[in-house]
Amino acid sequence: MPKPRTNLRVFKPKQRLAVPGKHELAISSISSDGRGIAKFNGKTVFVSGALPGEQVLARFTTSRKNYDEAICLKVLQASAERVQPACEYYGRCGGCSFQHFHYQGQVSAKQQQLQQLFKPHE
């Protein structure tokens, strides 16, 4: 019977801590899942509940190697495309991601996403 190994080396990645505090972010574009995209200290940040062209106060929730995630606490300067969601459960159930975005803005964002998918790689 083989002897059990006692000196197993297990890879344990370092836990990345989210940036503490509230930060003002300028949202430049929108992701395919409806989150606003901003830059903070040169790193991409995905902000839930934010739209392109907005200034928001956000709290970081997760830090990854190539990007961070945050939630919008307060919209400081709203986009003209922002509307009141039709569903009273929007933001809590997670079923819809674009209801706070005006319909024409949704269509435009989705068209841009499709164009990016079909654009030839250079």
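At what distance does a polar contact join the side chains of serine 63 and aspartate 68? The answer is 3.0 Å, and the legends below start with the whole chain before returning to that spot.

This is a predicted model, in which local features need pLDDT of at least 70 and side-chain atom pairs count only at pLDDT 80 or more, while totals for chains, interfaces and linings use all residues. Residues are numbered from 1 along each chain as its sequence is written, and side-chain values use heavy atoms, with hydrogens and water left out.

**View 1. The whole protein has one helix and six strands.** Helices (H or I, at least four residues) and strands (E, at least two) are DSSP runs, numbered from the N terminus. Along the sequence they follow the pattern β-β-β-β-β-β-α. The radius of gyration is 19 Å, well over the 14 Å that the globule rule gives for 122 residues, so the protein is more spread out than a compact globule. Here the radius is taken over C-alpha atoms, and the rule is 2.2 Å times the number of residues to the power 0.38. Along the principal axes, the C-alpha atoms fill a box of roughly 70 × 40 × 30 Å. Of the 122 residues, 26% are buried; buried means under 20% relative accessible area, exposed over 50%, and partly exposed in between (1.4 Å probe, protein chains only).

**View 2. Six strands form an open sheet with mixed pairing.** The order is E1-E5-E6-E4-E3-E2, and two strands count as paired if DSSP finds at least two bridges between them. Strands of a sheet pair through backbone hydrogen bonds, either parallel or antiparallel. E1 and strand E2 (29-30) stand at the edges, each with a single partner strand, so one side of each is left without a neighbour in the sheet.

**View 3. Edge strand E1 (residues 22-26) has a covered face and an uncovered one.** His23 and Leu25 make up the covered face, whereas Lys22, Glu24 and Ala26 lie on the uncovered one. In a regular strand the side chains alternate between the two faces of the sheet. E1 pairs with strand E5 (residues 55-63) in the antiparallel sense, over five bridges. Look for lysine 22, whose bridge partner in E5 is arginine 59.

**View 4. Strand E6 (residues 67-77) pairs with E5 in the antiparallel sense.** Eight bridges join these two strands, and a hairpin of three residues connects E5 to E6. Leucine 57 has lysine 74 of E6 as its bridge partner. Strand E4 (residues 43-48) runs parallel to E6, joined by five bridges. There, valine 47 stands opposite alanine 70 of E6.

**View 5. Serine 63 makes polar contacts with two side chains, those of lysine 43 and aspartate 68.** Serine 63 belongs to strand E5 and stands opposite aspartate 68 in E6. With a relative accessible area of 15%, serine 63 is buried. Its side chain makes a polar contact of 3.5 Å with that of lysine 43 and one of 3.0 Å with that of aspartate 68. (A polar contact is a pair of N or O atoms within 3.5 Å; within protein, one must be able to donate a hydrogen and the other to accept it, and residues adjacent in sequence count only if both atoms are side-chain atoms.) Leaving aside neighbours within four places in sequence, serine 63 is in contact (heavy atoms within 4.5 Å) with Arg16, Leu17, Ala18, Lys43 and Asp68.

**View 6. Asparagine 41 has a positive phi of about 55° although it is not a glycine.** This asparagine 41 lies in the loop between strand E3 (36-40) and E4. Is asparagine 41 buried or exposed? At 71% relative accessibility, asparagine 41 counts as exposed.

**View 7. The count of disulfides in this model is zero.** Cysteine 93 is in no disulfide, and its nearest cysteine sulfur, that of cysteine 87, is 5.7 Å away. A disulfide is defined as a pair of cysteine sulfur atoms within 2.5 Å. For cysteine 96, the closest cysteine sulfur is in cysteine 93, at 5.9 Å, too far for a bond. Cysteine 93 counts as exposed at 58% relative accessibility, while cysteine 96, at 40%, counts as partly exposed.
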